[in-house]
Amino acid sequence: MKQDIRDLFRKYEVFNNKLPDTHKQEFYDKLKGFNSKTNKQLNYKNIYRLAATLLLFFAVGYFMLQGNLKNQSELVEQIETIEQEYLLNINKEWHNFLTIAKDEKLVKRYKKRLEDLNKDYQEISEQFKVDTNNILIVETLIENLNTRLQLLKDIQEHITLLNQENEYYENTTI
Amino acid sequence: MKTLQFKLWLLIFFTSIALIAQTENIYSKSFKTNAATTALLKLSGGSVEIQSSLDDKLYVEYNVDFENYPNRKKKAVIEKVQVEAKMTDNHITLVDKSKFYNYRLNSIFGILYRKDTLKEKTYIQKSKALILSEIKDASLTKSFYIEYLKHKYRNDIKKRDELINKYNRKKKRRVIKNFIIKVPKHLDLTIDAKYTIISIKSDLKSKLSLRLDGGKLMSQSLNNQGNVIKVKDAVFMAESIDGGELSLNNVKKGLIGRINNVKLSTEFSNLEIGDLQKNNRFTGFSNSLVIHNFSDNFNEFNLLSEYSKIHYFKLNTDYVLNAYGFNTVVNVDNNIEKITPTKNGEKTEFFKIKSSGKGLFSGTINFDITHGFIFIH
């Protein structure tokens with residue numbers, strides 16, 4: 001029952017045919033041709049993919065940058081609007097203050113205080129130009145404007161109350 | 001098995017501690033000094049603690065504690081610390097160029113401590129101990145965000161607690177900067193600071209010239225006759241001041257526990273004093289000043305003030321009040337007692353409280369007040 005497996009294969013013709021001497025070169029040429037064809041196909045695919053990725057990347061980058069710039073410019077615009085509103089109100093309160101303040105010394109002191117605060121504001125504004133995304137600097141800028149407005153409101157309230165009490169006293173004691 | 005479990009728990013515990021809190025020493029330097037040595041500290045942003053040195057050396061230490069902070073981000077924080085200290089011709093110069101801006105401090109302080117107005121405020125006498133506890137409470141490290149929430153939602157407790165709880169539940173990454181300067185007692189110290197939190201410990205004996213623009217000055221005691229302290233656009237809190245000159249400009253929140261023998265000048269500020277002691281001289285413009293208590297032997301108190309509101313609470317001892325000036329309203333127990341004439345603008349003695357001659361006599365209050373209000377509660 002035992003058989004040599006090589007004897008079994010010898011029966012088949014295909015195994016008895018001798019390969020031509022050039023078979024190695026032929027096989028190699030065929031392989032090379034196949035590889036270069038598929039490589040070319042692969043390269044084109046890769047280039048398309050790479051180009052698409054780069055395009056997508058730059059497009060997203062561009063829109064994000066535009067978005068950030070837009071957000072930044074929106075914030076700067078908002079700050080400018082707030083600043084304008086505050087400055088208008090400060091100016092209005094300053095003129096109201098001038099109409100009720102009869103003391104030159106008082107006006108001079110408040111003028112100096114407001115100038116000092118404005119100087120601080122300019123300093124902080126320089127920081128804001130460098131760092132437009134810093135909400136802490138924005139808060140400080142608004143607080144500075146608010147301090148100026150509050151100063152003027154407080155002193156007017158003080159003078160008005162004092163005048164009211166005086167008028168009442170002078171009217172009741174005459 | 002139990003021993004193994006215990007060891008594992010111990011290992012986890014220590015690893016967690018190491019991850020939660022890590023201290024990095026960033027800068028460390030010391031200088032030998034003598035009686036002629038002087039020092040200048042130029043600070044900009046950040047926080048600094050000034051202590052007394054136990055020997056004749058000036059020490060500079062900068063440590064940073066990181067809590068739950070990722071290692072990759074620590075480097076950026078450490079790189080922000082830029083301290084330079086050098087000694088030339090027996091003069092030490094320390095410059096802190098660290099890029100930790102405390103701009104936010106001023107905006108938050110501005111929101112928290114809006115200048116008081118006549119309409120809103122009610123005045124309750126506080127003891128010296130209460131003022132001291134307020135100062136101690138304010139000097140504790142706490143979240144500005146929680147303080148902000150407490151203020152913003154003071155009328156909506158449900159919303160306030162909900163937001164505070166939400167914030168407290170969050171795992172927080174924290175960077176705690178410990179910048180400590182130890183100064184020998186014989187050394188004259190000059191501090192020029194902007195947007196900085198300065199904390200002065202009780203044992204500091206050095207003569208101090210300090211200027212702070214923006215930020216916060218917290219002091220346990222300022223006890224040197226030669227001290228000159230100028231604070232502008234900042235918060236000022238001192239448990240005790242004895243001697244020297246103090247100038248406050250636009251101090252939205254000023255608290256002094258005890259004040260003795262001080263020349264004080266204030267502008268556009270709110271100031272509360274727990275205990276006014278001997279021989280103080282105040283001048284002021286556009287302030288709100290509340291004196292909660294006079295000591296039993298305050299001796300003499302002189303106040304020259306314009307466009308201000310002066311509040312004080314009735315003394316338990318015998319005293320004299322001489323009020324001089326014009327265009328001023330005197331309000332006793334919420335009733336107008338006296339209004340000075342305004343017509344000629346000449347200063348006159350417009351109000352007086354005479355000595356009763358009974359009991360302990362504590363001193364004389366001399367007010368020179370124009371365009372102001374005196375409230376005696």
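## Exercises on strands, a cavity and salt bridges

Lys232(B) stands opposite Asn249(B) in β11(B). That's our starting point in this predicted model.

**Exercise 1.** Find out in which sense β10 and β11 of chain B pair, and over how many bridges.

*Solution.* Start with the two stretches: β10 covers residues 228-242 of chain B and β11 covers residues 245-249. They pair in the parallel sense, over 5 bridges. Now step across to the next partner: β11(B) and β13(B) run parallel as well, joined by 5 bridges. Here Leu248(B) stands opposite Thr266(B) in β13(B).

**Exercise 2.** Work out which residues are closest to the centre of the second largest cavity, and which elements line that cavity.

*Solution.* First, the search of the whole structure turns up 4 cavities of 30 Å³ or more. The second largest holds about 80 Å³ of space. Of its 14 lining residues, the closest to the centre are Thr266(B), Gly284(B), Asn287(B), Leu289(B) and Leu303(B). Thr266(B) should ring a bell, as the residue opposite Leu248(B). Next, look at the elements giving two or more residues to the lining: β13 (263-267), β15 (280-285), β16 (288-291) and β17 (299-306), in chain B. The largest share, 3 residues, comes from β15(B). Last, sort the lining by character: 6 nonpolar, 8 polar and no charged residues.

**Exercise 3.** Say how far apart in the helix Asp116(A) and Lys112(A) are, and whether Asp116(A) is buried or partly exposed.

*Solution.* These two form a salt bridge, with their closest N and O atoms 3.2 Å apart. Both are in helix α4 (residues 104-130) of chain A, and because they are 4 residues apart there, about one helical turn separates them. Asp116(A) has 22% relative accessibility, so it counts as partly exposed.

**Exercise 4.** Locate the two ends of the salt bridge between Asp192(B) and Lys42(B).

*Solution.* The closest N and O atoms of this pair are 3.8 Å apart. Asp192(B) is in strand β8 (residues 188-200) and Lys42(B) in strand β2 (residues 38-44), so the pair, 150 residues apart, links distant parts of the chain. Asp192(B) is partly exposed at 34% relative accessibility, and Lys42(B) is partly exposed at 39%.

**Exercise 5.** Which residues are joined into one network by salt bridges that share partners?

*Solution.* Begin with the total: the search finds 21 salt bridges over all chains. One of them links Glu349(B) and Lys352(B), at 4.0 Å between the closest N and O atoms. The network itself is made of Lys126(B), Glu134(B), Lys253(B) and Glu272(B).

Technical notes
Residues numbered from 1 in each chain as written. Chains lettered and ligands numbered in written order. Predicted model: local features only at pLDDT ≥ 70, side-chain atom pairs only at ≥ 80, totals over all residues. Heavy atoms only, no water. 1 Å grid on protein atoms, 1.4 Å probe; cavity = no way out; pocket = protein on both sides within 12 Å on 5 of 7 lines; lining within 4 Å. Points joined across faces, edges and corners; volume = space filled by probe spheres on them. Nonpolar A, V, L, I, M, F, W, Y, C, P; charged D, E, K, R; others polar. Pairing = 2+ DSSP bridges. Salt bridge = Lys/Arg side-chain N within 4 Å of Asp/Glu carboxyl O. Buried < 20%, exposed > 50% of the residue type's maximum accessible area, 1.4 Å probe, protein only.
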